[in-house]
Amino acid sequence: MPRQLEGSVAVAETVAACRPDVICAYPISPQTHIVEGLSRIVKTGGLGSCEFLNVESEFGAMSACIGASATGARTYTATASQGLLFMAEALYNASGLGLPIVMTVANRAIGAPINIWNDHSDAMSQRDSGWIQLYAETNQEAADLHVQAFRLAEELSLPVMVCMDGFILTHAYERLEVPTAEQVAAYLPPFEPRQVLDPDEPMMIGAMVGPEAFTEVKYLMHAKQQMALAAIPQLADEFERDFGRRSGGLLRRYRCQDAHTVVLALGSVLGTIEDVIDDMRDEGVAIGAVGLKCFRPYPLDAVRTALAQAERVVVLEKAFAVGAGGIVGQNVRLALSGLRPRVHDVIAGLGGRPITKASLRRLFEQAVDDRLGRGMTFLDLDHDVVARELQRLEAR
Amino acid sequence: MAKQQIKFFQTGSFAVGGRLLDPEQRSVQSDARRSNTLTSGHRACQGCGEALGARYALDAAMRASGGRLIAANATGCLEVFSTPFPESSWQLPWIHSLFGNAPAVATGIAAALRAKGRDDVRVIGQGGDGGTVDIGMGCLSGMFERNDDVLYVCYDNEGYMNTGVQRSGATPPAARTATTQAVGEAPGNVFGQGKSAPLIAMAHEIPYVATATVADLRDLEAKVEYAMGLRGARYVHVLVTCPLGWGSASADTIKIARLACETGLFPVFEAEAGDVTAVTKIRRRLPVEAYLRPQKRFAHLFEPEERTDVIARIQARADRTIDRFGLLP
């Protein structure tokens, strides 16, 4: 039955329905409500013998997850922003060791300047860490993706990051269905680890690998991620069959039929984008949207197919590579290499700046009229402020 | 913990022998069923104190746990020399994750075992002094503070030996390392820095903290065995000679470690819940010079001229340690 719930609470209840054995928690906004919810569920006996560890840092959180997962425990943690960076070394270790840990990233900006609000700088900084990255558009999807994430992680023996926009989703109340333990039990079989530390069958995990085999290990990691490209849509289909709603998959097209202009984005901003597209479609503008649900592995063929017929693609992203350009934009160009569509990078919503319908409307009109520049565009940039500062710099 | 020190007259050391003893008093290593947890063929240097200490510690832990043991290892010499892919010297389930996270990985293993109701399986974490007292200190302190059911063993060779002998927070004053070179007006490592991980461990009031050296391996075995009889966070800090980093003869590994004790520079003691419960008394007190002189890392204290001023400062440290722990008989 649908309930009116905060996003974090929905995620906490869904994770609990997945019956984790070990949960590691370290506080950082805007992820805190999730682990707070789980701590309550564990402490009131709702998860049986599940261990809830209050650790000393995010590095400690991911490290404890590594130990627990290698010992055959279904393992979960959540973080954001600086916390994700602090565990970066351990992220690469978890993926290199092939440990199926599931982690929520409540997407938040990275300082300096310190900022607790939403953008995608944190997750994007770890896009090459070997973790699968799924992006939720709504709180319903955020909850559902966790169920799929455990299944995906354990089938492929790879760690999975579920990204949900900090505050915009984590702290928003929406009407949604929390997957029940019975539903999840039918969808998510008990965890059968590929490798496990056990005195009955001693094995070594984490050997020192030299130049003679390192490339092969990395190649196999890549191959395993590529397998996820087939598994993710299948798991979404199966989820839809079992739960009666669509969540996840590689990407979702919205009114792309005959669209000359297609806007591609990740996460919760898609809702606003789709509202603007509805208005413009009503006025006869051929515009549509593509929501990317999975950024790692990068669904190159699916993106290519979804965008090939457009004249122009506006990639709206909440992070960028300083000194270079858009991150998702570069990946989209890769998919469209040799094809017709022009790709525009638009950086928006940094550090929690609201992305309004009015701003998007102006932006899309510029794109449709071919008035968008070839370089990066910063949505709603205060040109006066930057011009003044640039003048000062030049005057020195 | 009262215990009778066993003297082996036939060898002049405290380390070997055993045929004159009752079976339960004998060294784990003299038992035909010893586990050889760290088996031969690894790539440690000749005379490596860490390899020796790890073998005794792990075999003792294996015997105490009936072979139901999982180890989490920090990056470092011990990890590198024992596990060059596709080889392994470990005869127990063993994981290496990172340099600074072995205590947290061990915590995770213990949590997983508890969640699965497998309280028969025990967990040991281990690393060198760099991985323990420096980069791993945050995770170690967290593990202590939560009283996680882990025995952590630090093999302290007083420097980053795996990366080429650099200074760590456990490097003693005046010692030459690659980053505290024997040049300038105050050659070697500076005075007034460094930390005692055992005292830090004690401040957490965990059930058991002990120090040991490779000069008394029977003592190391006994402490590990005792630690394995307890639950919660336990810490054993073992001084292990490093012939490469210390510039000592590989045949002198045991002797150098004994000199560290007999000069009073390294206190051997036990503590429970934050209080010292036992100390190993110095048998024949020696001046620190006896310990410093055979090690090339202290050569600049004797050549080109003898730095009596620096040696006196080191002697003062030893005197203070002897007083503080009551090391004289």
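1. A quick term first: two strands count as paired if DSSP finds at least two bridges between them. Keep in mind, too, that this is a predicted model.

2. With that in hand, have a look at where the two chains share a strand pairing. S9(A) runs parallel to strand S2 of chain B, residues 94–96, and the two are joined over 2 bridges. If you want a spot to click on, Met204(A) sits opposite Trp94(B) in S2(B).

3. Now the wider A–B interface. Contacts link 37 residues of chain A to 39 residues of chain B. On the chain A side, at least two residues each come from strand S3 (51–54), helix H3 (58–70), helix H5 (88–96) and strand S9 (204–205). H3(A) gives the largest share of that side, with 9 residues. As for its make-up, the side of chain A that touches chain B has 22 nonpolar, 10 polar and 5 charged residues.

4. Turning to chain A on its own, the domain assignment splits it into domain 1 (3–243) and domain 2 (251–386). Their C-alpha centres are 28 Å apart.

5. How do those two domains of chain A meet? Here 25 residues of domain 1 are in contact with 21 residues of domain 2. On the domain 1 side, helix H6 (121–125), strand S6 (132–135), strand S7 (160–165) and helix H9 (214–243) each put in at least two residues. The largest share there, 5 residues, belongs to H9(A). By class, the domain 1 side divides into 14 nonpolar, 7 polar and 4 charged residues.

Notes. Residues numbered from 1 in each chain as written. Chains lettered and ligands numbered in written order. Predicted model: local features only at pLDDT ≥ 70, side-chain atom pairs only at ≥ 80, totals over all residues. Contact = placed C-beta atoms within 7 Å. Helix = DSSP H or I, 4+ residues; strand = E, 2+ residues; numbered from the N terminus. Nonpolar A, V, L, I, M, F, W, Y, C, P; charged D, E, K, R; others polar. Domains from an automatic or database assignment.
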